[in-house]
Each structure stands twice: as structure tokens, then as C-alpha cells.
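Colleague: Please show me this model and then take a close look at one part of it, a single turn and its surroundings. I would like the whole explained in plain terms.

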Amino acid sequence: MRRLSILKAGLFVILPAFFYSCGEKKQDVKISVPEPKIAKTVPPVYKPTSDKSFLKHQDTVYYNNQFFTGYRFSIYPNGDTAVLQSYFNGVE
């Protein structure tokens, strides 16, 4: 009989602790991620495609060994625009 009362007392201590520990805990965690500071548009820098400073490696375009950000263009002999390509950090 005494063993049964010890078991009941143990259950009254263990069961509430078990249910409390398994309950959902709500914590408001706010993570502040800084927004990257990059240009949102391509600046108005125009360079002819015939410029010897351009270097293309795979899908990246370099100008003077730096990522090219701007416009690359070529013109037909009659003055019309043949190609106008925009690049941002070397990528079209």
C-alpha cells in the first residue's frame, strides 16, 4: 500500500513536469538582416563593344580587369544601333 502511494506521489510530480516540458514555447525572435547596398539600376555608362579594354570570361564581362557595370553598344555604318547590352557587376 505504501508503495502505491509513493508511486502516485511520483506521478503527480513527474506528469506535470513532463507535460510542461513538452508544451509549445513561443519566443519572439527578431533577426535584423541588413539590406545589401547595391545599385538598383545600371548607371548610364556607355562603352563601344570594339573597346579593347573588354574581356569576357564565361558569362562575365570585365572592363579594365574589373566587373563591368554599364552599357555596351555597337553601331551600324549608317548610324543605327546594332547592339545595346546592359551589364551589372559583369553579368548581362
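**The hairpin turn and its setting**

Modeller: The protein exposes about 8,500 Å², and carbon and sulfur atoms supply 58% of that area (areas come from the Shrake-Rupley method with a 1.4 Å probe; for residues, only the protein chains shown count as cover). This is a predicted model, in which local features need pLDDT of at least 70 and side-chain atom pairs count only at pLDDT 80 or more, while totals for chains, interfaces and linings use all residues. Residues are numbered from 1 along each chain as its sequence is written, and side-chain values use heavy atoms, with hydrogens and water left out.

First, the setting. The secondary structure comes to 1 helix and 6 strands (DSSP runs numbered from the N terminus: helices are H or I with at least four residues, strands E with at least two). From the N terminus on, the order is α-β-β-β-β-β-β. Of the 92 residues, 12% count as buried (buried is under 20% relative accessible area, exposed over 50%, partly exposed in between, with a 1.4 Å probe and protein chains only). Among contacts (heavy atoms within 4.5 Å) between residues at least 6 apart in sequence, 37% join residues at least 24 apart.

Now the turn itself. β2 and β3 pair in the antiparallel sense over 4 bridges (two strands pair if DSSP finds at least two bridges between them). One example is Lys56, whose bridge partner in β3 is Val61. The hairpin of these two strands has 2 residues between them. Gln58 lies in this loop, after β2 (54–57) and before β3 (60–63). Its phi is near 55°, a positive value in a residue other than glycine. Gln58 counts as exposed because its relative accessibility is 69%.

The loop at the other end of β3 offers a second case. Asn64 sits there, between β3 and β4 (66–67). Asn64 is not a glycine either, yet it has a positive phi of about 55°. With a relative accessible area of 48%, Asn64 is therefore partly exposed.

Elsewhere on the surface, Val29, Ile31 and Val33 make a nonpolar patch of about 360 Å². Patch residues have over 30% relative accessible area and no salt bridge; like charges are joined within 9 Å, and nonpolar side chains (Val, Leu, Ile, Met, Phe, Trp, Tyr) within 5 Å. A salt bridge is a side-chain nitrogen of Lys or Arg within 4 Å of a carboxyl oxygen of Asp or Glu. Val29 is in the loop between α1 (2–22) and β1 (46–48), and a relative accessible area of 62% makes Val29 exposed.
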